Amino acid sequence: MLYYLGGLLKNCWGPARLLQAYTVLIVLALYTGFFLTRTFLPKFYAMLPSDRGREFSLTKEAAKGKPTGAGVVFITLFVVLSVLFVPLDRLQVGTLVLTWAMMLTGFLDDRSTGGWGEYRKGLLDLIISVAMALLLADSLAKAAPDGQLQFWLPFVTHPLSVPTWLYIIITTIMLWMSVNTTNCTDGVDGLSSSLVLIALITMAVIFYIIFGHVDVSNYLLVPHLWDGASWAVMTFCLAGVLMGYLWHNAYPSSVLMGDAGSRALGFYTGVCVMMTGNPFMFLATSSIIFVNGGMGLLKVALKRFCHITIFGNIRFPLHDHFRKNHGWSPTQVLVKFMIIQLLITVVLLGIFFKIR
């Protein structure tokens with residue numbers, strides 16, 4: 001909205017042209033999101049449901065009774081601020097709507113007395129993920145010069161064309177996995193939000209510096225996104241509101257984001273990964289989330305459906321294993337996991353973009 005307002009006002013008031021500078025929009029979106037969330041989130045504590053204590057979690061007693069479902073506040077604020085600061089196109093509007101819908105399913109679960117069943121939540125995740133996959137496939141195919149959906153991969157010089165049906169399947173799996181691994185990682189104060197924050201800032205910088213600049217993207221042999229800067233503004237906006245939430249969620253937390261926050265954050269992270277055109281980018285931005293939550297999901301699935309036991313001596317989510325078996329404090333888990341993620345991010349981005 002401000003972008004278009006700047007275009008209308010710049011002829012009669014010169015400084016209004018700054019509202020069409022993406023760097024200015026990034027700063028405004030980031031700082032506004034942070035300060036509004038930090039200031040107003042505590043005012044909603046009384047209206048939020050109380051945490052029931054997560055089953056099998058080491059911290060369920062510490063979390064029990066705290067206000068949860070804070071995702072309904074900061075994700076809604078993210079959507080509103082995105083409309084204000086981002087020059088939105090059809091794909092971005094759809095992303096905001098579906099991210100908010102994913103948040104809503106999580107919030108309804110947070111506020112329910114007994115909690116929703118796994119299969120019910122899994123079905124809703126699948127429906128929203130398929131809708132997003134269809135939207136991505138249609139929008140990206142229309143934006144491509146040859147109408148083909150493509151992936152670029154490390155160690156491969158030229159992009160690979162992907163049939164629409166296969167793209168939809170891969171995207172659906174990616175989104176579902178990102179939602180659920182992020183949700184499983186939300187068990188230590190500040191852990192999930194800090195790891196997602198690293199992923200968001202990483203992808204926002206990539207959108208702005210690499211994918212949003214035709215010369216840089218051509219040099220690195222990756223697809224140019226004509227609206228890459230807009231995706232950067234929107235992603236920095238989510239990073240800003242997440243920082244505001246983390247201000248209150250840092251150990252010892254006074255509020256929890258619940259499924260309302262973790263599911264929406266995982267969903268948006270997955271969308272950003274698919275927007276880069278490289279599904280393996282999830283490993284560069286969120287490998288700790290993938291290992292921490294994903295291996296637990298795999299372990300449970302194999303045990304439940306195939307009666308196969310793996311990682312018998314390892315407790316999942318992995319943060320509980322290090323707390324129980326190695327005596328790590330919540331702060332040690334947070335700092336060490338963040339350090340490992342940053343080290344992985346740097347090396348994998350170098351490999352992905354330069355070894356082609």
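The following exercises, each with a worked solution, concern a predicted model of a protein chain.

Residues are numbered from 1 along each chain as its sequence is written. Because the model is predicted, local features need pLDDT of at least 70 and side-chain atom pairs count only at pLDDT 80 or more, while totals for chains, interfaces and linings use all residues; side-chain values use heavy atoms, with hydrogens and water left out.

**Exercise 1. The chain as a whole**

Task: Describe the secondary structure, burial, contacts and surface of the protein chain.

Solution.
1. The secondary structure comprises 14 helices and two strands. Helices (H or I, at least four residues) and strands (E, at least two) are DSSP runs, numbered from the N terminus.
2. Of the 356 residues, 53% are buried. Buried means under 20% relative accessible area, exposed over 50%, and partly exposed in between, with a 1.4 Å probe and protein chains only.
3. Among contacts with a separation of 6 or more, 75% join residues 24 or more positions apart; a contact means heavy atoms within 4.5 Å.
4. The chain exposes about 16000 Å², of which carbon and sulfur atoms supply 70%. Accessible areas come from the Shrake-Rupley method with a 1.4 Å probe; for residues, only the protein chains shown count as cover.

**Exercise 2. Helix α8 and L200**

Task: Determine whether helix α8 is enclosed or open to the outside, and place L200 within its surroundings.

Solution.
1. Helix α8 covers residues 191-211, and its 21 residues should span 30 Å at 1.5 Å a residue. The expected span is 1.5 Å times one less than the number of residues.
2. The end C-alpha atoms of α8 are 29 Å apart, which agrees with that expectation.
3. Since 17 of the 21 residues of α8 are buried, the helix is largely enclosed by the rest of the structure.
4. L200 belongs to α8 and, at 0% relative accessibility, counts as buried.
5. Leaving aside residues up to four places away in sequence, L200 touches T235, L238, A239, L242, Y268 and T269. The C-alpha atoms of L200 and C237 are 9.6 Å apart, although 37 residues separate the two in sequence.

**Exercise 3. Two residues to compare**

Task: State the location, accessibility and contacts of Q92 and of F280.

Solution.
1. Q92 lies in helix α5 and is buried, at 0% relative accessibility.
2. Beyond residues up to four places away in sequence, Q92 touches V86, P87, D227, S230, W231 and M234.
3. F280 sits in the loop between α11 and α12 (281-306) and is partly exposed, at 43% relative accessibility.
4. With the same exclusion of residues up to four places away, F280 touches L153 and F352. Its C-alpha atom is separated by 9.7 Å from that of M174, 106 residues apart along the chain.

**Exercise 4. Backbone exceptions**

Task: Identify the cis peptide bond and locate the residues F155 and L221, which have a positive phi.

Solution.
1. Most residues other than glycine have a negative phi, and most peptide bonds are trans.
2. The bond from Y251 to P252 is cis, with omega near -5°; P252 is in the loop between α10 (228-249) and α11.
3. F155, not a glycine, has a positive phi of about 70°. F155 lies in the loop between β1 and β2 (160-162) and is exposed, at 59% relative accessibility.
4. L221, likewise not a glycine, has a positive phi of about 60°. L221 lies in the loop between α9 and α10 and is partly exposed, at 40% relative accessibility.

**Exercise 5. Empty space**

Task: Characterise the largest cavity and the second largest pocket.

Solution.
1. On a 1 Å grid over the protein atoms alone, a cavity is a set of points where a 1.4 Å probe fits but cannot get out; a pocket is an open set with protein on both sides within 12 Å along at least five of seven lines, and lining residues have an atom within 4 Å of a point. Grid points are joined across faces, edges and corners, and a volume is the space filled by probe spheres set on the points.
2. The count is one cavity of 30 Å³ or more, and the largest cavity holds about 30 Å³.
3. T105, W116, K121, L124, D125 and R263 line this cavity, and helix α6 (residues 118-143) supplies the largest share, three residues.
4. The cavity lining divides into two nonpolar, one polar and three charged residues. Ala, Val, Leu, Ile, Met, Phe, Trp, Tyr, Cys and Pro count as nonpolar, Asp, Glu, Lys and Arg as charged, and the others, Gly among them, as polar.
5. The second largest pocket holds about 690 Å³. Its lining has 28 residues, with L140, A144, P223, H224 and L225 nearest the centre.
6. Elements giving two or more residues to this pocket lining are α5 (90-111), α6, β1 (149-151), α9 (214-219) and α11 (258-275).
7. The pocket lining consists of 17 nonpolar, seven polar and four charged residues.
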